[in-house]
Amino acid sequence: MSTAYRKNQTIKDFGEQWLRYRDSGGFYGSMELFSDMIYPFLKSSDIKNCKVAEIGSGTGRIVNMLLEAGAKHVIAIEPSDAFEVLRHNIQQPEKVSCLKIKGEQLPPYGDLDYVFSIGVLHHIPNPAPVVEAAFKALRPGGHFLVWLYGKEGNNLYLALIRPLRGLTKRLPHFILSSLVEVIYWPLVLYIKFCYRLPLPLRGYILSVLEKMSPQKRRLIIYDQLNPSHAKYYTRQEAEKLLLDGRFKNVRLHHRHGYSWTVIGTKP
Ligand SMILES: C[S@@+](CC[C@H](N)C(=O)[O-])C[C@H]1O[C@@H](n2cnc3c(N)ncnc32)[C@H](O)[C@@H]1O
């Protein structure tokens with residue numbers, strides 16, 4: 001499959017996904033989760049009165065978190081059919097500009113304080129142009145914060161999910177949603193075992209997944225199985241992504257031992 005095909009197919013996959021899973025309520029859309037995502041580099045209070053962008057906004061949960069943190073203005077980028085859900089879900093529309101474009105088309109504003117991209121770059125086969133667009137949109141001294149799937153800490157999970165995804169990314173919704181039901185109940189059991197045993201992904205399970213509603217746990221399973229492209233980054237690859245994009249002072253945090261929060265500054 002060519003890079004262009006995987007890129008467009010992934011956008012199509014998310015458009016269909018978010019038209020079915022439109023809601024961002026509960027812990028999934030909470031400030032508690034937002035603080036966890038930007039820890040240890042930022043606090044939500046750092047965003048107060050700032051001009052920010054989010055690349056790959058999906059249904060708008062991060063946009064609403066940024067608004068709740070006090071952002072002055074948010075530019076929300078979403079290329080898929082989820083755009084209509086995004087516009088519908090936004091809580092303070094007068095403070096948001098929604099753009100139905102790809103990340104690499106983010107205009108070179110040059111005055112943004114922060115650009116965020118949470119759970120997006122690992123779904124883009126060639127993310128370098130997106131990193132470049134984020135760099136151009138920031139003011140000197142502005143920061144780019146990304147969250148990526150990690151390779152380290154996910155060995156067992158990847159051994160299971162990779163062969164499964166070979167099939168599931170091609171399945172129509174009605175079969176995939178039935179498969180999600182099949183996986184859901186063993187997952188509930190696994191969460192219970194994590195309380196007592198040092199099982200793989202325990203940090204993520206107890207700090208994040210356990211706090212999600214049943215509906216959001218099902219969405220998370222679906223989200224793992226559905227997109228055409230998903231890359232799991234090593235620490236070195238995650239760091240290189242921002243260093244190659246000319247960012248300085250690049251720092252990484254191994255979030256819950258399974259993913260990378262990465263921040264860099266435009267000099
Ligand atoms: C896993 S979702 C994350 C949504 C949101 N950031 C969140 O955390 O709820 C990934 C999003 O990235 C979007 N996306 C995929 N390719 C993109 C691209 N080239 N540029 C911008 N966004 C893209 C998808 O349409 C999807 O909505």
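Where does Asn226 lie, and between which helices? Let us work through this and a few more exercises together. The model is predicted, with local features needing pLDDT of at least 70, side-chain atom pairs counting only at pLDDT 80 or more, and totals for chains, interfaces and linings using all residues. Residues are numbered from 1 along each chain as its sequence is written, and side-chain values use heavy atoms, with hydrogens and water left out.

**Exercise 1. Describe the surroundings of Asn226.**

Step 1: place the residue. Asn226 sits in the loop between helix 9 (214–225) and helix 10 (235–244); helices (H or I, at least four residues) and strands (E, at least two) are DSSP runs, numbered from the N terminus.

Step 2: check its exposure. Asn226 has a relative accessible area of 8%, so it is buried. The classes are buried under 20% relative accessible area, exposed over 50% and partly exposed in between, with a 1.4 Å probe and protein chains only.

Step 3: list its neighbours. Leaving aside residues up to four places away in sequence, Asn226 touches Asp13, Gln17, Arg165, Lys169 and Leu176 (contact means heavy atoms within 4.5 Å). With Asp13, the side chain of Asn226 reaches the backbone oxygen at 3.3 Å.

**Exercise 2. Characterise the shell around the ligand.**

Step 1: find the nearest residues. There are 21 residues around the ligand, and Glu54, Gly56, Arg61, Glu78 and Gly103 come nearest (a residue is near if one of its heavy atoms lies within 4 Å).

Step 2: pick out the N and O pairs. A polar side-chain atom of Glu54 is 2.8 Å from a nitrogen atom of the ligand. For Arg61, an N or O atom in the side chain is 2.7 Å from an oxygen atom of the ligand. Gly103 uses a backbone N or O atom, 2.8 Å from a ligand nitrogen atom.

Step 3: see how far the ligand is covered. On its own the ligand has 590 Å² of accessible area, and the protein covers 97% of this (Shrake-Rupley method, 1.4 Å probe).

Step 4: trace the shell back to the fold. Helix 1 (3–20), strand 1 (51–55) and helix 3 (61–68) each supply at least two residues, and helix 1 gives the most, with 3 residues.

**Exercise 3. Work out how helix 2 is covered.**

Step 1: count. In helix 2 (residues 31–38), 6 of the 8 residues are buried.

Step 2: name them. The buried residues are Met31, Leu33, Phe34, Asp36, Met37 and Ile38.

Step 3: find their partners. These buried residues pack against helix 3, strand 4 (112–118), strand 5 (138–149), strand 6 (248–255) and strand 7 (259–265).

**Exercise 4. Classify two aromatic pairs.**

Step 1: recall the rule. Rings of Phe, Tyr and Trp (its six-membered ring) pair if their centres lie within 6.5 Å; planes under 30 degrees apart count as stacked, over 60 as edge-to-face and the rest as tilted. The count comes to 11 aromatic pairs.

Step 2: apply it to Tyr149 and Tyr232. Their centres are 4.8 Å apart with 20 degrees between the planes, a stacked pair. Tyr149 is in strand 5 and Tyr232 in the loop between helix 9 and helix 10, 83 residues apart. Tyr149 is buried, with a relative accessible area of 6%, and Tyr232 is buried, also with 6%.

Step 3: turn to Tyr184 and Trp185. Their ring centres are 4.8 Å apart and their planes stand at 85 degrees, so this pair is edge-to-face. Tyr184 counts as buried at 4% relative accessibility, whereas Trp185 counts as exposed at 53%.

How values were computed. Polar contact = N/O pair within 3.5 Å; in protein donor to acceptor, adjacent residues only side chain to side chain.
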